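Biologist: I'd like a close look at one spot in this model, and then a walk outward from there. Take your time and keep it connected.

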Amino acid sequence: MKLFLHIHALSQQFDEQIQRWGGSLLCLGLRFFIGWQFFKAGLVKVSDWSATLSLFQEEYKVPVLPPELAALMGAGGELFFPLLLALGLLSRPAALGLFFVNAMAVISYPQLFQFECPAAINDHFYWGISLLVLVAFGPGKCSIDDWLKSRRS
């Protein structure tokens with residue numbers, strides 16, 4: 001039993017450092033990857049605004065909002081929140097904002113569930129889960145949020 005306890009203690013010797021820095025690097029990767037997916041979508045929307053408005057008027061069924069406002073808010077969220085995520089500034093609110101942009105995309109485009117290829121809807125689910133991970137665990141040590149937190153203390 002002593003040998004087992006010794007091996008167990010050795011296996012956990014670096015847990016705190018791995019969790020702090022490994023988790024921080026993982027969160028940094030998530031922030032960049034997820035942010036880039038949404039930022040690209042925002043760039044596509046603003047690159048051809050008339051096509052974007054047409055999509056929101058004819059294809060997407062955003063509840064409550066007029067199509068023009070929905071298009072503006074969608075493109076704005078896809079361009080603004082990823083910048084915050086990349087910087088690690090206001091990361092939890094930014095991740096939550098993108099989570100709602102993502103949820104609205106799924107709600108307003110029910111055809112996603114009808115495609116033969118499930119990748120379209122699966123991407124939205126994976127992005128949503130990843131964003132909730134960032135909301136729950138924060139941006140990690142490699143962020144302006146962490147630097148600001150250390151300045152407050």
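Is Val64 buried or exposed, and what is its relative accessible area?

Modeller: Val64 is exposed, with a relative accessible area of 85%. Bear in mind that this is a predicted model, so everything here is read off computed coordinates. Val64 sits in the loop between α3 and α4. Its backbone deserves a look too: phi is positive, near 75°, and this isn't a glycine.

Go a little way back and forward in sequence and the picture changes. Val62 belongs to a core of five residues, with Leu53, Phe56 and Ala70 also among its members. Ala70 is one of the buried residues of α4 as well.

Now follow α4 itself. Its 21 residues should span 30 Å at 1.5 Å a residue, and the end C-alpha atoms are indeed 30 Å apart. The buried residues of this helix include Ala71, Gly74, Ala75, Gly77 and Glu78, then Pro82, Leu84 and Leu85 further along. They pack against α2, α3, α5 and α6.

Glu78 is the charged one in that list, so let's stop there. Its relative accessible area is 8%, which means that Glu78 counts as buried. It has a partner, though: Lys45 forms a salt bridge with Glu78, with the closest N and O atoms 2.9 Å apart. That pair ties together distant parts of the chain, Lys45 being in helix α2 and Glu78 in helix α4, 33 residues apart. Lys45 is buried too, at 15% relative accessible area.

That brings us to α2, which has 33 residues and reaches 46 Å from first C-alpha to last, close to the expected 48 Å. Its buried residues include Ser24, Cys27, Leu28, Arg31, Ile34, Phe38 and Gly42, besides Lys45. Among the elements that cover them are α3, α4, α5 and α6. Elsewhere in α2, the side chains of Glu16 and Arg20 meet in another salt bridge, at 2.7 Å, N to O. These two are four residues apart in the helix, so about one helical turn separates them. Glu16 is exposed at 51%, while Arg20 is partly exposed at 34%.

Next, the nonpolar packing. The largest nonpolar core has 13 residues, and those with the most contacts inside it are Ile34, Phe38, Leu85, Ala95, Leu98, Leu131 and Leu134. At least two residues of this core come from each of α2, α4, α5 and α6. Leu98 makes a handy viewpoint: setting aside neighbours within four places in sequence, it is in contact with Phe38, Gly77, Phe81, Pro82, Leu85 and Leu131. As a general matter, nonpolar side chains in soluble globular proteins tend to be buried together.

Back to α4, this time where it ends. Gly88 follows the helix and has a positive phi, near 75°. Leu90, in the loop between α4 and α5, also has a positive phi, near 50°, again in a residue other than glycine. Leu90 counts as partly exposed because its relative accessibility is 49%.

This stretch is where α7 comes in. Asp145, found in helix α7, is in contact with Gly88, Leu89, Leu90, Ser91 and Pro139, neighbours within four places left aside. One link there is polar: the backbone nitrogen of Ser91 lies 2.8 Å from a polar atom of the Asp145 side chain. Asp145 is buried and has no salt bridge; Arg92, the nearest side chain of opposite charge, is 7.0 Å away.

Compare Asp146, also in helix α7. Asp146 is partly exposed at 21% relative accessible area, and it does form a salt bridge, with Lys141, at 3.5 Å between the closest N and O atoms. Lys141 is partly exposed as well, at 33%. Leaving out neighbours within four places, Asp146 is in contact with Gly140 and Lys141. Asp146 and Gly88 are 58 residues apart in sequence, yet 8.1 Å apart in space, C-alpha to C-alpha. A search of the whole structure finds three salt bridges, and our walk from Val64 has now visited Glu16 with Arg20, Lys45 with Glu78 and Asp146 with Lys141.

Conventions: Residues are numbered from 1 along each chain as its sequence is written. This is a predicted model: local features need pLDDT of at least 70, side-chain atom pairs count only at pLDDT 80 or more; totals for chains, interfaces and linings use all residues. Side-chain values use heavy atoms; hydrogens and water are left out. A nonpolar core is a set of buried Ala, Val, Leu, Ile, Met, Phe, Trp, Tyr and Cys residues joined through side-chain atoms within 4.5 Å. Buried means under 20% relative accessible area, exposed over 50%, partly exposed in between (1.4 Å probe, protein chains only). Contact means heavy atoms within 4.5 Å. Lys and Arg count as positive and Asp and Glu as negative; His and the chain ends are not counted. A salt bridge is a side-chain nitrogen of Lys or Arg within 4 Å of a carboxyl oxygen of Asp or Glu. A polar contact is a pair of N or O atoms within 3.5 Å; within protein, one must be able to donate a hydrogen and the other to accept it, and residues adjacent in sequence count only if both atoms are side-chain atoms. The expected span of a helix is 1.5 Å times one less than its number of residues.
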